[in-house]
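User: Please take a close look at one part of this model, the pairing of its strands, and describe it in a connected way.

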Amino acid sequence: MYRFTISVRNDAGSAPAVNIERFVGVDTPRAVTDVTLTANGNTMSLTWKLPETGIHNGYVDPEQITYRIVRQPDNETAQEAYAGTSFQETQSVEEGMQIRYYSITPLSEYGDGEVTESNFVILGESLSVPVDEDLTDWTRFPLFSALDCNNDRTTWIYSLEANTIRYDWAYSETNNDWLITPSVKLEAGYDYQMSCDLRSEDDQYAAEVEMAFGTDATAEAMTNNIMQAVAIDHAQTKTYTSALFNITTTGLYRLGIHACGKSSIYYLYADRLRIEKKEQSGIDAQLPKDVQVTADNGTAYITNPEQRLVRIYDLNGILLHESSQSSFSIRVPQGIYLLQYDGHVQKFCL
Ligand SMILES: [Ca+2]
């Protein structure tokens, strides 16, 4: 910045001097504008504009400006001194989903401009079980769908004040707002269970909550209830767990937390959501009477009068022996084994 003192004089004399400050020379760039990020599959395209003048309204030579491009929210530098105002890269997520955005800083030998952040895009198609979502991490909230089904303009949000997901108190008399997970891969043949950590703002009723799942992120799709509505009326976080549930077709599903019941002026907070897979043991409490196993001194003796095909596995599922003899024995190290026939399974110990 330069200060100029200007005075005007003519034959009649001098006018009072005027001081002005002006920037002269090459200026520090302003923050870039119009930052747009689009994703096509795993390929991300970023474009932006450099303002024509610098932070002091001085001259900026776009040819001399480079850009620091940082992947967010991981804060990884993608380019340190990139030339140009469009950038593309292909990035894949190995598993799960995450948001991606970029921060861009214009750099010059006369100083660096301010950082500008792009919009975000979502990488990945679905979550895999086990799911353990930290809902205090704001970057996870955009993966969820918040549905204001009673159209009262309040619903589930990420609260920057509370640093977690919050269901705001309703303007209507009852609550009807879903918080629905991104797509989750579920397999037929297993039991699943969802749990969510919930609390009220105070030891006062905030809302009722129920859980359900379906195949789409809509209220209409949430047809399979897995937890009946309960009132959330405690300031201390408690974990609410659904019933075990399973599906008959392997695929992508959505699981929902439904704020329902009468409304309240107290906020409802959700800060962790888990989905676990439970092995469907398929282990019968007892074998049919005709197949018996007795263990003695490292040897298992099997009686099989109907001469069914009987298989013995270790706990890793490795087949150790199979026989359809009416009686046979197998010598194995101490441990737990599985005896299986005609779809029946039983554990036995040696
Ligand atoms: Ca609402």
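Analyst: What follows describes the strand pairing, beginning with one strand and its partners and then turning to an open sheet.

The model is a predicted one, and the account of its pairing can start from strand S25, which spans residues 268-279 and pairs in the antiparallel sense with strand S14, residues 131-134, over four bridges. Within that pairing, Glu133 has Leu273 of S25 as its bridge partner. Leu273 appears again in the pairing with strand S20, where it is the bridge partner of Cys196; S20 itself covers residues 190-200 and runs antiparallel to S25, with 11 bridges between the two. Strand S17, made of residues 164-167, also pairs with S25 in the antiparallel sense, here over three bridges, and in this case the bridge partner of Tyr167 is Leu268 of S25.

The open sheet consists of three strands in the order S5-S6-S9, with antiparallel pairing. Because S5 (33-40) and S9 (86-90) stand at the edges and have a single partner strand each, one side of each is left without a neighbour in the sheet. From one strand to the next, the twist averages 15 degrees. As for the contact between S5 and S6, the latter comprising residues 43-49, six bridges join the two antiparallel strands, and one of the residue pairs involved is Thr38 with its bridge partner Ser45 in S6. As a general matter, the strands of a sheet pair through backbone hydrogen bonds, in either a parallel or an antiparallel arrangement.

Conventions: Residues are numbered from 1 along each chain as its sequence is written. This is a predicted model: local features need pLDDT of at least 70, side-chain atom pairs count only at pLDDT 80 or more; totals for chains, interfaces and linings use all residues. Two strands pair if DSSP finds at least two bridges between them. Axes are lines fitted to C-alpha atoms, for helices over the stretch in contact, and angles run from 0 to 180 degrees between N-to-C directions.
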